[in-house]
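Biologist: I've got a structure here and a handful of things I'd like to pin down. Mind going through it with me?

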Amino acid sequence: MAPDEERSGLALFTDLDGTLLQSDRKASVRSLETLKKLGGKNVWRTVVTGRSHMSARTVLSESFPIDFLITSSGVGVFDCRDQTLVESHSLSAGDVRRVTGHLIDGGYDFMIHAPVPENHTFEYWEQNENNPDFVRRRQYNAEHCRPLNPGCPGNGRASQFVVVCPTETDPLRTHDALSNALEDLSVIRTTSPSDHQSTWFEIFPKHVSKARSAARLCERLGVDAGRSAAVGNDYNDSDMLQWCGFPFVVRNAPGPLRARFPVVSDHNADGFSEAVQRWLDGIASG
């Protein structure tokens, strides 16, 4: 994909749930108009989500006004203009076996997701009696999952692990423990999109994150990251917000993120459109 000379050289990256989408999991009329206007200005528009491609497409139609879709926090990148897969990443079979053993020994409940584009399917290992968020996710995706056979985890390669921790888990301590034990991989913390209380830890290849995928896309498109904007609402957006020149978080983001980045209205009050306007005003003023 060569840089597009007709484009403005600007790119917007936005999280999906809790940022672009409201509580009803729909984009507001104003948000849709904002995206369309950006397209009219030849600005690159990218949704960056933790959802798999199949899951994202349950809330984003093929005509949704974006140019790219980055799924599973960077595991897959899709060009929405022609519905093609631009890039994908996976853990090696050796990494899958090693991480599986570590998580079982550590007493974690987790899922192992298949490589893109089938990463909506997964195997699961459940060993705690009180982890309702894990049970909810397993039951909701019953037709796409099966119990894990520890002797053959992931059937080879995998796109990612999802570790679901009960609400009483200390997220900072758990994140440090997993990151230190798996220092050659990427361990990303996020708040459960289901109960909004439990903590998930997603384990990817080292080069996978929202920021890294956004940066590679900017390189392909000939876009300056320093003039790019990102809008987010949770911890898994942190690296993307740090990376870009114009970061914003919606007011429904956790307090630690609101303390670090410029804050706009919440996702139910068109905070996304507010962020875009502040970004364009900032670009215009130099």
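Biologist: Is Arg45 buried or exposed?
Modeller: Keep in mind that this is a predicted model. Arg45 has a relative accessibility of 11%, and anything under 20% goes in the lowest class. So Arg45 counts as buried.

Biologist: Which residue does Arg45 form a salt bridge with?
Modeller: Arg45 sits in strand E2, and its partner is in the loop between H2 and strand E3 (68–71), 22 residues apart from it. That partner is at 2% relative accessibility, so it counts as buried. The closest N and O atoms of the pair are 3.2 Å apart. The residue is Asp67.

Biologist: Okay, what N to O distance do you get for the salt bridge of Asp17 and Arg51?
Modeller: This pair also links distant parts of the chain, 34 residues apart. Asp17 is in the loop between strand E1 (11–14) and helix H1 (29–40), while Arg51 is in the loop between strand E2 (44–48) and helix H2 (53–56). At 22% relative accessibility Asp17 counts as partly exposed, whereas Arg51, at 14%, counts as buried. Their side chains meet at 2.7 Å.

Biologist: And where do Arg278 and Glu274 lie?
Modeller: Their side chains meet in a salt bridge, with 4.0 Å from N to O. Arg278 is partly exposed at 36%, and Glu274 is partly exposed at 25%. The two are four residues apart, about one turn of the helix, and both lie in helix H9 (residues 271–285).

Biologist: How many salt bridges turn up in the whole structure?
Modeller: We've been through a few pairs, but there's also a network that links Asp15, Lys210 and Asp237. A search of the whole structure brings the count to 13.

Biologist: On to the open sheet of six strands: which strands stand at the edges?
Modeller: The pairing is mixed, and the order reads E8-E7-E6-E9-E11-E10. An edge strand here has a single partner, so one side of it is left without a neighbour in the sheet. That applies to E8 (145–147) and E10 (185–191).

Biologist: By how many degrees are neighbouring strands of this sheet turned against each other?
Modeller: That's an average over neighbouring strands of this sheet, with direction ignored. The value is 25 degrees.

Biologist: What packs on the sheet?
Modeller: Look for a helix touching E6, E7, E8, strand E9 (160–165) and strand E11 (199–205). Its direction makes about 35 degrees with that of E6. It's helix H4 (residues 132–140).

Biologist: Which residue in E7 stands opposite His113?
Modeller: Strand E6 (residues 110–113) and strand E7 (residues 122–125) pair in the antiparallel sense over four bridges. Across from His113 in E7 you'll find Phe122.

Biologist: What is the bridge partner of Ser186 in E11?
Modeller: E10 pairs with E11 in the antiparallel sense, over seven bridges. E10 is mostly covered too, with six of its seven residues buried. In E11, the partner of Ser186 is Phe204.

Biologist: Last one: what separates the C-alpha atoms of Leu172 and Arg189?
Modeller: Leu172 is in helix H5 (residues 171–181), and at 56% relative accessibility it counts as exposed. Arg189 is 17 residues apart from Leu172 along the chain. Between their C-alpha atoms there are 8.9 Å.

Notes. Residues are numbered from 1 along each chain as its sequence is written. This is a predicted model: local features need pLDDT of at least 70, side-chain atom pairs count only at pLDDT 80 or more; totals for chains, interfaces and linings use all residues. Side-chain values use heavy atoms; hydrogens and water are left out. Buried means under 20% relative accessible area, exposed over 50%, partly exposed in between (1.4 Å probe, protein chains only). Two strands pair if DSSP finds at least two bridges between them. Axes are lines fitted to C-alpha atoms, for helices over the stretch in contact, and angles run from 0 to 180 degrees between N-to-C directions. Contact means heavy atoms within 4.5 Å.
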